[in-house]
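I opened this notebook to record what I looked up in a structure that was new to me. The entries follow the order in which I went through it.

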Amino acid sequence: MIQTILFDLDGTLIDTNPLILKSFEHTLSYYYPDRTFTEAELLPFIGPTLEKSFSEMNADQWKEMVAFYRSYNIAMHDALVLEYPGVLDGLRRLKQEGYKMAIVTSKSRRVALKGIELFGLTHLFDAIIAADDVTEEKPAVEPFEKAMALLGATPNETIMVGDNATDIDGGKNAGLKTVAVGWAIKGRPYLEALQPDVIIDSMEHLSDWIEAENAKTN
């Protein structure tokens with residue numbers, strides 16, 4: 001039976017997409033002043049770590065670019081991060097129903113906590129696995145295994161919920177059932193290509209799907 005839910009943070013539980021896109025736009029316009037980046041060109045940056053994105057783009061200045069990005073991102077965080085309708089209430093219901101829940105994010109713990117605390121979510125999660133806590137990021141199995149170890153969970157009772165390939169592929173790598181959120185900024189065709197176990201349209205849909213999956217085991 002499904003008893004444990006691992007969640008991605010950005011683009012899944014809180015709408016950090018405006019902040020992320022604006023942070024990349026701000027950083028890239030500084031380092032590449034003669035080039036304009038479209039939103040379509042920026043979308044692939046959502047999901048991977050900053051280190052991965054910037055090092056692949058600029059091997060000489062990537063560390064400086066990461067620092068530049070983070071400085072702007074932190075300064076603008078509370079002004080640009082938004083709430084997804086119904087998601088936070090859905091989390092509270094899942095907690096009341098007794099599910100163990102954790103966040104598995106590619107963000108640094110410091111920045112992840114800003115978003116979690118901004119919406120008063122800290123008490124809902126039994127663990128948070130951030131980039132600082134692992135040597136290999138999603139889609140490697142380490143973040144998922146660390147979260148399950150902290151929660152005393154096994155793969156057959158755990159699902160991963162996210163909006164990106166790093167979440168869905170990583171969950172599969174760790175032997176978990178995977179759930180994609182239909183409100184992901186990259187769109188439904190992108191999610192369908194990842195072949196998750198289900199694409200949900202709301203938190204109620206998630207609850208109903210878990211109940212249906214658990215009913216199959218009875």
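The entries below go from the cores to the helix contacts, then to the salt bridges and a few single residues.

**Entry 1, ground rules.** I am working with a predicted model, in which local features need pLDDT of at least 70 and side-chain atom pairs count only at pLDDT 80 or more, while totals for chains, interfaces and linings use all residues. Residues are numbered from 1 along each chain as its sequence is written, and side-chain values use heavy atoms, with hydrogens and water left out.

**Entry 2, the cores.** I began with the nonpolar cores, a core being a set of buried Ala, Val, Leu, Ile, Met, Phe, Trp, Tyr and Cys residues joined through side-chain atoms within 4.5 Å. Buried stands for under 20% relative accessible area, exposed for over 50%, and partly exposed for what lies in between, with a 1.4 Å probe and protein chains only. Which members of the largest core touch the most others? I found F7, L91 and L206, in a core of 40 residues. I then listed the contacts of F7 (heavy atoms within 4.5 Å), and, leaving aside neighbours within four places in sequence, they include L13, L91, L94, M101, A102, F125, M160 and L206. A second, separate core has 15 residues, among them L28, F37, I46 and Y69.

**Entry 3, A102.** From the contacts of F7 I moved on to A102, which is found in strand β4 (residues 100–104); strands (E, at least two residues) and helices (H or I, at least four) are DSSP runs numbered from the N terminus. A102 counts as buried, because its relative accessibility is 0%. Not counting residues up to four places away in sequence, A102 touches I5, L6, F7, F125, A127, A147 and L151. I also noted that the C-alpha atoms of A102 and M148 are separated by 8.6 Å, although the two are 46 residues apart along the chain.

**Entry 4, helix against helix.** For these pairs, axes are lines fitted to C-alpha atoms, for helices over the stretch in contact, and angles run from 0 to 180 degrees between N-to-C directions. Helices α5 and α10 (residues 203–215) pack with their axes 8 Å apart, at an angle of about 30 degrees. The two are therefore roughly parallel, a label for angles under 35 degrees (over 145 is roughly antiparallel, 65 to 115 roughly perpendicular and the rest oblique). V87, G90, L91, R93 and L94 of α5 meet M203, E204, L206 and S207 of α10. By class I count five nonpolar, two polar and two charged residues in this contact, with Ala, Val, Leu, Ile, Met, Phe, Trp, Tyr, Cys and Pro taken as nonpolar, Asp, Glu, Lys and Arg as charged, and the others, Gly among them, as polar.

The axes of α4 (residues 62–80) and α6 (residues 109–118) come within 10 Å and cross at roughly 10 degrees, and so α4 and α6 are roughly parallel to each other as well. N73, I74, H77 and D78 of α4 make this contact with R110, V111, K114, G115 and L118 of α6, and these residues divide into three nonpolar, three polar and three charged.

**Entry 5, salt bridges.** How many salt bridges does the structure hold? I find 17, each a side-chain nitrogen of Lys or Arg within 4 Å of a carboxyl oxygen of Asp or Glu. K138 and D8 meet in one of them, at 3.0 Å from N to O. This pair links distant parts of the chain, 130 residues apart, with K138 in the loop between β5 and α7 and D8 in the loop between β1 and β2. Both K138 and D8 are buried, and a network of salt bridges links D8, K138 and D167.

D89 and R92 meet in a salt bridge at 2.8 Å, and they are separated by about one helical turn because they are three residues apart in helix α5 (residues 87–96). D89 is partly exposed at 44% relative accessibility, and R92 is partly exposed at 30%.

**Entry 6, helix α8.** D167 led me to α8 (residues 165–173), whose buried residues are T166, D167, I168, G170 and G171. What covers them includes α7, β6, β7 and α9. After α8 comes G175, with a positive phi near 80 degrees.
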